[in-house]
Amino acid sequence: MKNRKVSPWAWIPTLYFAEGLPYVAVMTISVIMYKRLDISNTDIALYTSWLYLPWVIKPFWSPFVDLLKTKRWWIVTMQLLVGAGLAGIAFTIPMPNFFQLTLAVFWLVAFSSATHDIAADGFYMLALDVPQQALYVGIRSTFYRVATIFGQGVLIVLAGVMETWTGSIPYAWSLTFFILGGLFIAFCLYHKFILPVPGTDKSAVNNVTAENIFKEFLATFISFFKKKQAGVAILFMLLYRFPEAQLVKLINPFLLDPLEKGGLGLSTAEVGIVYGTVGIVGLTIGGIIGGICASKGGLQRWLWPMAWSISLTCLTFVYLGYFQPQNLIIINICVFIEQFGYGFGFTAYMLYLIYFSEGEHKTAHYAICTGFMALGMMLPGMAAGWLQEHIGYEKFFIWVMICCAATIAVCAFIKIDPEYGKKKEVTNESESK
């Protein structure tokens, strides 16, 4: 088996599809499901924001994924656990105390997914040489996006169709998660046999003690905070997406809520098309154009246009909240514009994370940056539902626009090499995690 040659095309698309799907299930599908099951916006935003925590603390246990077992073992095992967890959600949805039970299982799925991210990204670097890594980086990003469209689009439309077909919202969502769980069991079995077995993919437990690993990690962690402009950089990581962190938690509830509650009254299937398909296409195109612009002009040149892009496009939801249009074309255009602006503006954010991570411990420092990135989405999102229920959608979207001042303010303090980002620097991990 070790000598068997496996084409990267046989495993990279499925591996990164499997990496993206549970994140979408935890962060987005859960919000729509809870909204359809009559959970309040306050509880949805608060408790689903807590689900970011495994990605926030991911850097703290990533060294142990290197220390114990192989990356291949972690991938297959985590996919099995994710599949079992998704099936567990399907079983608990019909129960009376489903909210507490499904949240607990969602957290386990989130932890397994975050661990799977560590292993998959590490395996990618072990299984491919440097030229191959560069060649397939676009493929892995593309299939992560495909997973997002499948999760937020196809699965939501499917759930909406089954709501109509079965006449039972809980039963429809239970079936949806059974399908999702079955898909992950299939991924687990497929990757168990198809993933290559790189000679470099081995446990370090015999070569390095846990004490040495901990000491090395601690030194690496401390060195992150000793970098120049570390405080400013952390503020940038936490506040650049401050408006979007609140908005993203309420977009789907807003689309689903009836007109009398200030929403747009769309069906589940319509939300799958509007936000899960058209919105993701806008996000992807914005990210692609952002990457092209940054590669030609550099991060410093494009920082301000991108910051304004991620801020001003939020105005589309002020319009939707105030006028509540019922024309699906208008709604699609507004969501597309907002998501395009987010994708374009998010490019600057990801490039800055890569820029700040440069140095001796680049990989570990980038992992810490992604932890702050997740924390910047988690904390603002927790209170967003409570705020919206107290002031209504219209005023909430105006509040989001006011919060854009934080995005602009943090950009004024960071310092960037004028040449950084030109030509070879690209954002291959802009999956908006």
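## Cores, helices and burial in a predicted model

Modeller: In this predicted model, the largest nonpolar core has 93 residues, and the residues with the most contacts inside it are Trp-11, Tyr-34, Leu-86, Trp-173, Phe-177 and Leu-255. The largest share of this core, 16 residues, comes from helix α1, which covers residues 12–36. A second, separate core has 39 residues, among them Phe-236, Leu-303, Phe-344 and Leu-353.

Colleague: What makes a set of residues a nonpolar core?

Modeller: The members have to be buried residues of nonpolar kinds, such as Leu, Phe, Trp or Tyr, and they have to be joined through side-chain atoms within 4.5 Å. Leu-255 belongs to the largest core, and, leaving aside its neighbours within four places in sequence, Leu-255 is in contact with Leu-264, Gly-265, Leu-266, Val-271, Val-274, Tyr-275 and Ile-331.

Colleague: Why is the protein chain called as compact as a globular protein of its length?

Modeller: The chain, which has 16 helices and 0 strands, has a radius of gyration of 21 Å, and because this is close to the 22 Å that the globule rule gives for 433 residues, the chain is as compact as a globular protein of that length. Its C-alpha atoms fill a box of roughly 65 × 50 × 35 Å along the principal axes, and 57% of the 433 residues count as buried. Among contacts between residues at least 6 apart in sequence, 85% join residues at least 24 apart.

Colleague: How do you know that helix α4 is largely enclosed by the rest of the structure?

Modeller: Helix α4 spans residues 58–67, and 7 of its 10 residues are buried, so the helix is described as largely enclosed by the rest of the structure. The buried ones are Lys-58, Pro-59, Trp-61, Ser-62, Pro-63, Val-65 and Leu-67. After α4 comes Lys-69, whose phi is positive, near 60 degrees.

Colleague: Why is Ser-311 called buried?

Modeller: Ser-311 has a relative accessibility of 2%, and because buried means under 20%, Ser-311 counts as buried. Ser-311 is placed in helix α13, residues 299–312, and, not counting residues up to four places away in sequence, it touches Met-401, Cys-404, Thr-407 and Ile-408.

Colleague: What makes Gln-339 a buried residue?

Modeller: The relative accessibility of Gln-339 is 3%, and since the cut-off for buried is under 20%, Gln-339 is counted as buried. Gln-339 lies in helix α15, residues 328–357, where it touches Glu-244, Ile-251, Tyr-275, Gly-279, Gly-282 and Leu-283, again not counting residues up to four places away in sequence.

Colleague: Why does Ile-289 count as partly exposed?

Modeller: At 34% relative accessibility, Ile-289 falls between the 20% below which a residue is buried and the 50% above which it is exposed, and therefore Ile-289 counts as partly exposed. Ile-289 is found in helix α12, residues 268–297, and, leaving aside its neighbours within four places in sequence, it is in contact with Phe-340 and Phe-344. The C-alpha atoms of Ile-289 and Glu-244, which are 45 residues apart along the chain, are separated by 20 Å.

Colleague: How do you know that Pro-418 is partly exposed?

Modeller: Its relative accessible area of 44% lies between the cut-offs of 20% and 50%, so Pro-418 is partly exposed. Pro-418 lies in the segment after α16, the helix of residues 362–411, and its C-alpha atom is separated by 7.3 Å from that of Arg-301, 117 residues apart along the chain.

Note on methods. Residues are numbered from 1 along each chain as its sequence is written. This is a predicted model: local features need pLDDT of at least 70, side-chain atom pairs count only at pLDDT 80 or more; totals for chains, interfaces and linings use all residues. Side-chain values use heavy atoms; hydrogens and water are left out. Helices (H or I, at least four residues) and strands (E, at least two) are DSSP runs, numbered from the N terminus. Buried means under 20% relative accessible area, exposed over 50%, partly exposed in between (1.4 Å probe, protein chains only). Contact means heavy atoms within 4.5 Å. The radius of gyration is taken over C-alpha atoms; the globule rule is 2.2 Å times the number of residues to the power 0.38.
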